[in-house]
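Open the model in your viewer and keep the sequence panel at hand. We will go from one selection to the next.

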Amino acid sequence: AIDHTEWLGTTREAIAPEPSADAETDGPGPVEPRVRYTLDAIEVRGNRRTRSRVVMRYVPFKPGDVIDVDDTEVELSRYRLLGTGFFRDVQFSLRKGSARGRVVLVIDVEERNTIIVNDLWMGLSADADKRGNARPLTAYAGLDVAETNLAGTGITFGAAVGLAQEQLALRVRFLDPAFLGGRWMTSATLLFNDAQDFFGNADVKWSDPSQLNQVPDYAVVRYQRFGGMLGVGRDLSVPTQLWLNYRLERLNASLPRAASHIRGIDREPILFDLLPGKSVLSTARATLQHDTRDHPFLPTRGWLATVVGEVGLTPLGSDYSYQKLDLRASRWWELPWKKHVIRLELFGGSIAGDAPFFEQYYVGDYSDFLPGRVLGMNVDRRPPPNFLDNAIVEVRYGHYAAKIGTEYRVPLYRGQRAVYGIDFFGSAGVYGVAHRRDLSDPPRGYSRLQLIPIDLTANVGFRMDTSAGGFAFAFSNVLGFVPVRSEGNR
């Protein structure tokens with residue numbers, strides 16, 4: 001008879017372990033040696049489109065290695081394969097090898113569609129004039145599609161487009177996770193933005209004969225961005241990657257000659273944080289990512305943490321000298337009742353120097369009641385809701401940002417075909433965004449407590465994992481049109 005024991009969701013035959021003197025103990029009492037085997041070979045099954053070498057790129061073992069079935073790297077390797085998006089399911093199992101203590105590692109994969117919709121943006125944006133009257137809603141949309149496993153090679157080739165009122169954004173990107181068959185990863189992105197943004201809090205006055213047809217209650221900045229980014233990356237361990245990127249962009253901006261608004265109770269000049277005419281943005285960026293999630297879209301456990309540092313390279317021609325540091329971490333736990341999942345999210349970011357406004361922190365990226373930026377374009381003119389009645393209503397872009405939030409997910413459906421899973425979710429959090437001027441020269445007319453620019457955010461909706469990618473259907477943007485916000489001193 002053959003005894004079977006669960007191992008990573010499948011079974012393995014009870015093979016006599018290789019003798020080992022590495023007996024580990026957590027305290028007094030009898031101890032059991034860790035079960036280790038020597039790998040004869042690694043076999044990949046079920047990969048009709050994906051080449052076996054692509055699968056092996058994400059497996060840190062090779063024939064001749066001693067494998068410990070209790071090593072966390074085994075489970076993390078399975079999660080890493082799932083995280084590629086190439087496979088619907090991945091299971092590891094062991095088969096008897098050529099001799100006692102020797103085994104064959106079998107990797108069974110179930111492939112999924114690799115033409116993926118990474119992002120789909122659809123929504124409405126609006127603003128109000130200085131009398132508080134709502135203007136007609138305007139629509140925005142965007143689509144980001146990629147082939148993530150081109151001809152079974154693991155190479156990603158994708159394109160994205162974003163559309164809003166008098167705005168257009170385009171992206172093309174490439175990723176090779178095994179450059180020239182080695183351990184280095186390479187990436188490239190080409191971008192173009194023909195965009196505009198709206199500045200001013202209240203009673204905006206501006207002067208520019210070239211913009212007579214623009215919205216009268218805002219100082220409008222029109223700008224174009226064209227350029228790209230090149231990057232190289234390497235795995236530091238199964239769940240940890242390091243990326244180094246260089247970015248070069250050519251900017252062309254049209255700004256009002258002069259503009260002012262009411263900030264707090266005083267009239268002040270508007271800071272656009274962008275050079276007029278032509279300029280160059282050149283930066284170097286380093287990204288360290290640690291990912292132990294068990295699923296890329298509907299995770300039930302694990303961490304996703306990133307540290308991103310970026311500097312403007314004035315020696316290489318950049319007209320913008322700044323340093324930016326972002327810290328982000330999310331942790332998921334599966335609760336003991338009915339497989340409900342809870343997530344905790346933390347974020348903190350800081351910018352020193354003269355970063356252009358589109359590189360700064362935007363309130364809509366942290367408040368679920370406003371649409372976030374679409375491929376770098378700002379599609380909404382409204383201030384944040386200001387539930388806490390403070391100076392957050394004066395902030396649009398900032399040099400400092402922080403957020404703490406939580407999300408609760410309830411699984412509703414699990415399937416095997418076109419729709420793999422549907423979860424209901426609800427989230428809530430607190431965020432803050434501040435411009436450097438909000439700290440050095442805060443707006444007058446607020447109490448000391450009200451000068452802290454923070455606000456509440458919340459969301460509710462459904463997350464769906466499908467063969468075409470993951471989708472979130474959320475309703476907070478619609479709720480953002482409900483007139484419950486406080487306008488503070490505006």
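This tour covers the whole chain, then a helix, the nonpolar cores and some salt bridges.

**Whole chain.** Remember that this is a predicted model. Show it as a cartoon: the secondary structure comes to 4 helices and 26 strands. Buried residues make up 49% of the 490 residues. Switch to a surface, and about 23400 Å² is exposed, with carbon and sulfur atoms supplying 59% of it. Among contacts between residues at least 6 apart in sequence, 64% join residues at least 24 apart.

**Helix H2.** Select residues 72–83. These 12 residues reach 16 Å from first C-alpha to last, close to the 16 Å expected at 1.5 Å a residue. Add Asp 71: one of its side-chain oxygens comes to within 3.0 Å of the backbone nitrogen of Glu 73, at the start of H2. After the helix comes Gly 85, with a positive phi near 80°. Now color by burial. The buried residues of H2 include Val 74, Tyr 79, Arg 80 and Leu 82.

**From H2 to E13.** Keep Arg 80 and add Asp 235. Their side chains meet in a salt bridge, 3.1 Å from N to O. Arg 80 lies in H2 and Asp 235 in strand E13, so the pair ties together parts 155 residues apart in sequence. Are these two residues buried or exposed? Both Arg 80 and Asp 235 are buried.

**The largest nonpolar core.** Stay with E13, residues 219–235. This strand gives the largest share of the core, 3 residues. The core has 41 residues; among those touching the most other members are Phe 199, Val 221, Tyr 223 and Phe 272. Other elements that give two or more residues include E11 (184–199), E14 (240–254) and E24 (419–434). Center on Tyr 223. Beyond its neighbours within four places in sequence, its contacts include Asp 194, Asn 252, Leu 274, Phe 357 and Gly 376.

**A second core.** Apart from the largest core lies another, of 23 residues, among them Val 54, Val 74, Phe 92 and Ile 107. Val 74 is also one of the buried residues of H2.

**More salt bridges.** The count comes to 31. Select Arg 102 and Asp 40, which pair at 2.6 Å, N to O. Arg 102 is in strand E6 and Asp 40 in strand E3, 62 residues apart. Arg 102 is partly exposed at 29% relative accessibility, and Asp 40 is partly exposed at 23%. Next, pick Asp 65 and Lys 62, with closest N and O atoms 3.5 Å apart. Lys 62 is exposed, at 52%. Finish with Arg 225, Arg 247, Glu 249, Arg 285, Glu 310 and Glu 359, which are linked in a network of salt bridges.

How values were computed. Residues numbered from 1 in each chain as written. Predicted model: local features only at pLDDT ≥ 70, side-chain atom pairs only at ≥ 80, totals over all residues. Heavy atoms only, no water. Core = buried A, V, L, I, M, F, W, Y, C linked by side-chain atoms within 4.5 Å. Buried < 20%, exposed > 50% of the residue type's maximum accessible area, 1.4 Å probe, protein only. Contact = heavy atoms within 4.5 Å. Areas by Shrake-Rupley, 256 points an atom, 1.4 Å probe, with all protein chains shown as cover. Expected span 1.5 Å × (residues − 1). Polar contact = N/O pair within 3.5 Å; in protein donor to acceptor, adjacent residues only side chain to side chain. Salt bridge = Lys/Arg side-chain N within 4 Å of Asp/Glu carboxyl O.
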